Amino acid sequence: MDPWKLPISSAIQRKRLLSQSYTSHASASPSDLACADRASDVIYLLLIEPQVITSKFSVFSFLFVIGAQNAWDILLEEESMTRITTSCAELDKILGGGISCKEVTEIGGVPGIGKTQLGIQLAVNVQIPSYYGGLGGKAIYIDTEGSFMVERVLQIAEACTEDMTEYGRFLGKSIQARQVEMGPKDFLENIYYFRVCSYTEQIGLENYLDKFISEHRDVKIVVIDSVAFQFRQDFDDLAQRTRVLSAMALKLMKLAKKFSLAVVLLNQVTTKVIESSFQLALALGDSWSHSCTNRLILYWNGEERYAYIDKSPSLRSASAPYSVTSRGIRNSSSNS
Amino acid sequence: PALICRILPTRPDRRAPNSFPVSTATAPIEGEKAMTALKSLEQEFPLLDINFQSFCASHGILTIADFLTHDLHSLAAAAESQPASLRLKEGISQVLSIVDTLHQPWLDGLELLQDAMDNKRVLSTGIAAVDSFLHGGLRVGQLTELAGPSSSGKTQLCLRLASSVAKMDRGSVVYVDTGNSFSSRRIHHFLCENDDTGIVQRVMSRILRHSVFDINLLFNVLHQLEFVLGSQEYREGCKVQLLIIDSVSSLITPVLGGGSSQGYSLMTSLGVLLKKLAHEHDIAILVTNHMVSGERGNPKPALGESWKSIPHVRLLLSCNYETNTCNISTLKHPSLVSSPNSYMPKKATESFS
């Protein structure tokens with residue numbers, strides 16, 4: 001196969017190949033080809049074993065090799081995927097069961113509405129074992145503001161353990177015989193906590209997360225609280241901030257897809273002045289609003305806390321009330 | 001230096017098999033012929049012997065493309081000082097005559113019309129109001145951009161379009177997803193409105209989703225696609241009718257600006273590659289773009305001024321939350337009148353359920 005026919009992106013690479021008059025000697029089997037999970041690896045293998053490719057490759061088999069999936073397979077996969085419950089039935093209902101993995105969800109709201117509480121609740125709920133209908137995974141909590149209170153996490157974990165035992169008793173399962181019951185301390189042990197104090201630390205941490213999660217494969221949720229805090233100061237050049245943020249968003253998307261985990265970003269609000277009228281909008285600007293798969297807005301409606309699905313590819317726009325209790329996020333008291 | 005004379009070529013036939021001689025069995029893809037190494041031409045044209053090749057290599061010329069970008073008069077002047085100068089100059093004019101055979105064949109107006117009627121169809125988006133606004137839908141062979149603020153329905157329109165084209169059964173759909181927003185559940189919902197499960201499974205297996213989070217990976221995917229579409233086996237396999245990139249702005253924004261021009265050149269070469277794919281392989285391409293704030297606080301599509309000239313059709317989507325309707329308007333269209341200054345909704349208003 002001639003190097004100049006190959007789909008190599010850079011003209012410089014092609015020229016280098018030509019100047020070295022590349023010849024093929026090694027051989028690669030079709031299974032090697034199928035295992036190559038980077039497109040550039042496939043091109044490299046193409047260089048080596050051209051006749052593997054030129055024999056009987058239709059569009060689909062070729063594209064499968066470079067990591068495409070067809071919609072039907074994705075549907076089957078999605079339907080079998082467990083979601084992370086928020087412990088509030090109303091909220092779970094509008095979310096279609098809970099926070100879904102492989103997606104980046106942004107949760108924004110005014111201060112005091114319960115964003116951190118929801119983040120902590122999710123970090124605890126992801127650990128619910130699979131025999132109780134949970135994911136049985138670990139959590140990574142990245143704290144940029146310092147609002148993570150360990151005592152509160154312990155309180156929520158205790159409430160979760162009590163709920164689990166009650167649920168087990170309700171179902172009549174003799175769980176104690178089969179599995180070791182999880183205690184509140186176990187919940188705390190499964191949360192990896194990172195504290196960042198500047199935006200460079202935050203970016204550095206996000207780069208490190210790939211390696212960390214490769215070593216700790218049971219991490220199923222990454223909560224960043226809050227993603228905006230470090231970026232609202234120190235940045236004189238807003239264009240640079242946009243570039244940095246969009247690169248960060250892509251990395252988080254890739255992380256969510258690659259390791260099949262949920263990424264939850266908690267965001268602050270800011271006031272936007274539009275023609276001498278004030279409006280509340282999420283921080284970090286317009287271009288950041290495109291960097292998440294789903295967005296949930298938390299707001300006050302009178303005395304009640306409500307959550308509204310602002311952006312989702314598959315969920316209908318809806319609102320649901322919830323409340324923050326000593327046991328964590330629960331159903332709104334007025335409804336139950 | 002002696003004048004280098006060139007012979008005017010006769011008009012090559014577009015449909016004739018590629019008769020360009022190369023040392024290996026398969027012929028190069030049209031358009032890539034310029035990258036042919038001079039070495040490989042030696043067999044057919046004995047003038048381009050090893051002496052000529054090493055003379056060219058000493059000037060950094062290894063392929064025909066290099067030849068074209070080099071200053072030919074200075075090359076001829078350098079050839080003058082060489083021992084076999086006459087032969088070298090004959091070699092140069094030989095290469096130039098080869099170059100003359102490499103250009104794309106031209107078409108007259110009737111052939112263009114025939115091609116447009118046979119190959120360059122219009123793809124329905126699945127939404128009647130949008131179809132009537134666009135006079136049928138998206139045109140094959142054109143690059144369409146869909147810009148809009150966050151959660152205005154861009155992804156929904158893309159998913160709707162994908163399911164509508166897949167249902168037509170004339171080809172497959174390649175969906176490049178940069179934000180994990182491909183929802184197969186939504187596609188299933190669109191398809192299940194009319195059809196039963198057996199057909200739905202077959203239709204859904206025609207939609208392929210790539211997750212791409214890097215602009216270089218996007219180039220890889222597009223080059224792969226170009227390679228596959230140009231190969232012999234593809235013609236017997238399943239045709240690609242539609243390519244959707246949702247969203248192209250999230251891939252380009254991290255590399256744009258910052259003092260270096262690499263981002264702009266990447267963006268422009270992406271545009272060139274997409275338009276080439278669309279035209280040569282009869283694909284309709286839809287890309288989505290987000291909005292940024294422009295002057296006086298009015299939002300405008302992202303990616304700046306240089307991007308504006310790249311898509312053939314530019315559409316603007318906006319959503320009215322109170323009435324739950326979406327409006328679509330044109331910023332640029334080759335055959336529809338668009339108003340450049342105002343962002344008022346134009347003719348179509350339809351609601352997304």
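## Close-up views of chains A and B

**Asp282(B), a buried loop residue.** At 13% relative accessibility, Asp282(B) counts as buried, because the cut-off for burial is under 20%. The model shown here and in the other views is predicted. Asp282(B) sits in the loop that runs between α13 (262–281) and β7 (284–289) of chain B. Its phi is positive, at about 55°. Asp282(B) has this positive value although it is not a glycine.

**Lys102(A), a loop residue with positive phi.** This view turns to chain A. Lys102(A) lies in the loop between α7 (89–94) and β2 (104–109) of chain A. Its phi is near 65°. That is a positive value in a residue other than glycine. Is Lys102(A) buried or exposed? Its relative accessible area is 17%, so Lys102(A) is buried.

**The cis peptide bond from Asp225(A) to Ser226(A).** Omega of this bond is near -10°. Ser226(A) belongs to the loop between β5 (219–225) and α13 of chain A.

**The cis peptide bond between Asp246(B) and Ser247(B).** Here, omega is about -5°. Where does Ser247(B) lie? The loop between β6 (240–246) and α12 (248–252) of chain B holds Ser247(B).

**Helices α12 and α13 of chain A, a helix pair.** Two packed helices are described by the angle between their axes and the distance between the axes. In this view, α12(A) spans residues 199–215 and α13(A) spans residues 238–259. Their axes come within 11 Å and cross at roughly 15°. Angles under 35 degrees count as roughly parallel, so α12(A) and α13(A) are roughly parallel to each other. The crossing of α12(A) past α13(A) is left-handed. Which residues of α12(A) meet α13(A)? They are Gln202(A), Ile203(A), Glu206(A), Asn207(A), Leu209(A), Asp210(A), Ile213(A) and Ser214(A). From α13(A) come Val244(A), Met248(A), Lys251(A), Leu252(A), Leu255(A), Lys258(A) and Phe259(A). By class, this contact has 8 nonpolar, 3 polar and 4 charged residues.

**Helices α7 and α8 of chain B, an oblique pair.** The helix α7(B) covers residues 154–168, and α8(B) covers residues 184–191. Their axes are 9 Å apart and pack at an angle of about 55°. Therefore α7(B) and α8(B) are oblique to each other. Their crossing is right-handed. On the α7(B) side, the contact is made by Gln156(B), Leu159(B), Arg160(B), Ala162(B), Ser163(B) and Lys167(B). On the α8(B) side, Arg186(B), Ile187(B), Phe190(B) and Leu191(B) take part. Sorted by class, the contact of α7(B) with α8(B) has 5 nonpolar, 2 polar and 3 charged residues.

**Aromatic rings in chain A: a pair and a cluster.** A search of the whole structure finds 11 aromatic pairs over all chains. In one pair, the ring centres of Tyr131(A) and Tyr132(A) are 5.2 Å apart. Their planes stand at 50°, so this pair is tilted. Tyr131(A) and Tyr132(A) are both buried. Which residues do ring pairs link into a cluster? They are Tyr192(A), Phe194(A), Tyr208(A) and Phe212(A).

**Gln121(A), a buried helix residue and its contacts.** Gln121(A) is part of helix α8 (residues 115–125) of chain A. Its relative accessibility is 1%, so Gln121(A) counts as buried. What does Gln121(A) touch, leaving aside its neighbours within four places in sequence? Its contacts include Thr86(A), Ser87(A) and Ile156(A). Gln121(A) is also in contact with Arg327(A), Gly328(A), Ile329(A) and Arg330(A).

**Glu226(B), a buried residue of helix α10 in its chain.** Helix α10 (residues 215–230) of chain B contains Glu226(B). The relative accessible area of Glu226(B) is 15%, so this residue is buried. Glu226(B) and Glu280(B) are 54 residues apart along the chain. Their C-alpha atoms are separated by 9.5 Å. For context, chain B has 14 helices and 12 strands. Of its 353 residues, 51% count as buried. Take the contacts in chain B between residues at least 6 apart in sequence: 67% of them join residues at least 24 apart.

Technical notes
Residues are numbered from 1 along each chain as its sequence is written. Chains are lettered from A and ligands numbered from 1 in the order in which they are written. This is a predicted model: local features need pLDDT of at least 70, side-chain atom pairs count only at pLDDT 80 or more; totals for chains, interfaces and linings use all residues. Side-chain values use heavy atoms; hydrogens and water are left out. Axes are lines fitted to C-alpha atoms, for helices over the stretch in contact, and angles run from 0 to 180 degrees between N-to-C directions. Helices (H or I, at least four residues) and strands (E, at least two) are DSSP runs, numbered from the N terminus. Angles under 35 degrees count as roughly parallel, over 145 as roughly antiparallel, 65 to 115 as roughly perpendicular and the rest as oblique. A crossing is left-handed if the near helix is turned anticlockwise from the far one by less than a right angle, and right-handed if clockwise. Contact means heavy atoms within 4.5 Å. Ala, Val, Leu, Ile, Met, Phe, Trp, Tyr, Cys and Pro count as nonpolar, Asp, Glu, Lys and Arg as charged, and the others, Gly among them, as polar. Rings of Phe, Tyr and Trp (its six-membered ring) pair if their centres lie within 6.5 Å; planes under 30 degrees apart count as stacked, over 60 as edge-to-face and the rest as tilted. Buried means under 20% relative accessible area, exposed over 50%, partly exposed in between (1.4 Å probe, protein chains only).
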